[in-house]
Protein chains: 2
Amino acid sequence: MSTSLSNAPYHHGNLRHALLDAALLMLQRDGEAGLGLRDLARAVGVSPAAPYRHFDSRAALLEALAVTGFQRFTAAMNAVAASQPPDLLAAMGQAYVRFALDNAALFRLMFSPQLKRDNRPGLRMAADAAFATLRQVSGGDTASGRIAALAAWTKVHGLAVLLLDDQIALQPGEDIEALIGAIIGQQ
Amino acid sequence: MSTSLSNAPYHHGNLRHALLDAALLMLQRDGEAGLGLRDLARAVGVSPAAPYRHFDSRAALLEALAVTGFQRFTAAMNAVAASQPPDLLAAMGQAYVRFALDNAALFRLMFSPQLKRDNRPGLRMAADAAFATLRQVSGGDTASGRIAALAAWTKVHGLAVLLLDDQIALQPGEDIEALIGAIIGQQ
DNA sequence: ACCTGAACACCGTTCAAGT
DNA sequence: ACCTGAACACCGTTCAAGT
């Protein structure tokens, strides 16, 4: 469901949106390295120079994608918290890893070192807002609470990354949701 | 300590080594995206086509770098185990995170999704050998031992990645070794 | 056997010019 | 205000040719 090979005139201010939509598709399909600005322009039916009316550079386009990624992540986490599950920590951990697996290339982009390199404030703010949602589950303001929260975060994030990189092998008949649950539950 | 702007004749079979040495320097300084094959050839004082006598493609060169990365990682982990520290788990965790922080770009390359994409067996083997060193600390062959080992690994790996990405803030006066120790010690 | 020179098909980006 | 066409300075890669 989305703008694709339309040759309609884009003079209505929707080119930016069309570019982001198409870019997200290309990202999911080919990864960050496969997301060329000229390819993107071609896919949207516009000249190679046109995207530069809306994004300063390829990096700026990637940053915009990463920002929407953090926003989706924030929404997903808030939805979990709002549903008041019996075990909030486990539920948010599951959702964290699920998000990473369901949005692999986007998740990787959100943590791309090249993007932080030219650290734009927009990305930082979106990331901070995203991680702030995790604090709903943290163990208060004590020093030991902070360590416990960091330990939980690193475990879940590491699990997401290693699963994404295909470094953790499932046992025969084991399903991934159960594995996630077991590792998160593991004190 | 290394070959640099030498204009000596490379007809002795050492060009491959010189390329890898220079590539590692460029990788550490400019990251993977900044490692251009033409730049590399220039740095070593050779024509743009010369590297192709020793590496099929840029991806193959990156893979060779990643393989040496896994070998260094393996050596570092084995050294820790051989030193028989009182708390093996904590010591290996510290070494794991240290390695990541001290070899940031290399560590990222070792887990680069683009490299796995065209999954060469050499990379997989080097990675498997590297992670096999971690099993020296695992909790046996029981199901719960496996989960405990995976939980420890994901925690340490997540900590490494989040520190690398500058996502974890140190408290004033806090030193990073202590933070690592606290998080790893946290059951 | 190992390297060079020149070429090919691409990039991201810029800039004058069009509407 | 928004987009096109053509150009610039690069890439990775190939291939004939040199020694």
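**Exercise 1. Sort the residues near DNA strand C into nonpolar, polar and charged.**

Solution. The surface near DNA strand C has nine nonpolar, five polar and six charged residues. Here Ala, Val, Leu, Ile, Met, Phe, Trp, Tyr, Cys and Pro count as nonpolar, Asp, Glu, Lys and Arg as charged, and the others, Gly among them, as polar. "Near" asks for a heavy atom of the residue within 4 Å of the strand.

A quick word on the model: it's a predicted one, where local features need pLDDT of at least 70, side-chain atom pairs count only at pLDDT 80 or more, and totals for chains, interfaces and linings use all residues. Residues are numbered from 1 along each chain as its sequence is written, chains are lettered from A and ligands numbered from 1 in the order in which they are written, and side-chain values use heavy atoms, with hydrogens and water left out.

**Exercise 2. Find out which residues are closest to DNA strand C, and which helix gives the largest share of the surface near it.**

Solution. Start with the neighbours: 20 residues surround DNA strand C, and the closest are A:Arg38, A:Tyr52, A:Arg58, B:Ser47 and B:His54. Sugar and phosphate make up 54% of the strand C atoms that come within 4 Å of the protein. Next, the helix: helix 2 (residues 37-44) of chain A gives the largest share, four residues. Helices are DSSP runs (H or I, at least four residues), numbered from the N terminus. Last, zoom in on the phosphates: a polar side-chain atom of B:His54 sits 2.8 Å from a phosphate oxygen of DNA strand C, and one of A:Arg42 sits 3.2 Å from a phosphate oxygen of that strand.

**Exercise 3. Now try DNA strand D: which residues are closest to it?**

Solution. Of the 20 residues around DNA strand D, the closest are A:Ser47, A:His54, B:Arg38, B:Tyr52 and B:Arg58. A:His54 puts a polar side-chain atom 2.8 Å from a phosphate oxygen of strand D. B:Leu37 uses a backbone N or O atom, 2.9 Å from a phosphate oxygen of strand D.

**Exercise 4. Work out how much area chain A and chain B bury between them, and how many salt bridges cross the interface.**

Solution. First the area: about 3,200 Å² is buried, 59% of it on carbon and sulfur atoms. Buried area is the accessible area (1.4 Å probe) that two parts lose on being put together, summed over both. Then the salt bridges (a side-chain nitrogen of Lys or Arg within 4 Å of a carboxyl oxygen of Asp or Glu): there are two. A:Glu174 pairs up with B:Arg146 in a salt bridge, with the closest N and O atoms 2.9 Å apart.

Technical notes. A polar contact is a pair of N or O atoms within 3.5 Å; within protein, one must be able to donate a hydrogen and the other to accept it, and residues adjacent in sequence count only if both atoms are side-chain atoms. Helices (H or I, at least four residues) and strands (E, at least two) are DSSP runs, numbered from the N terminus.
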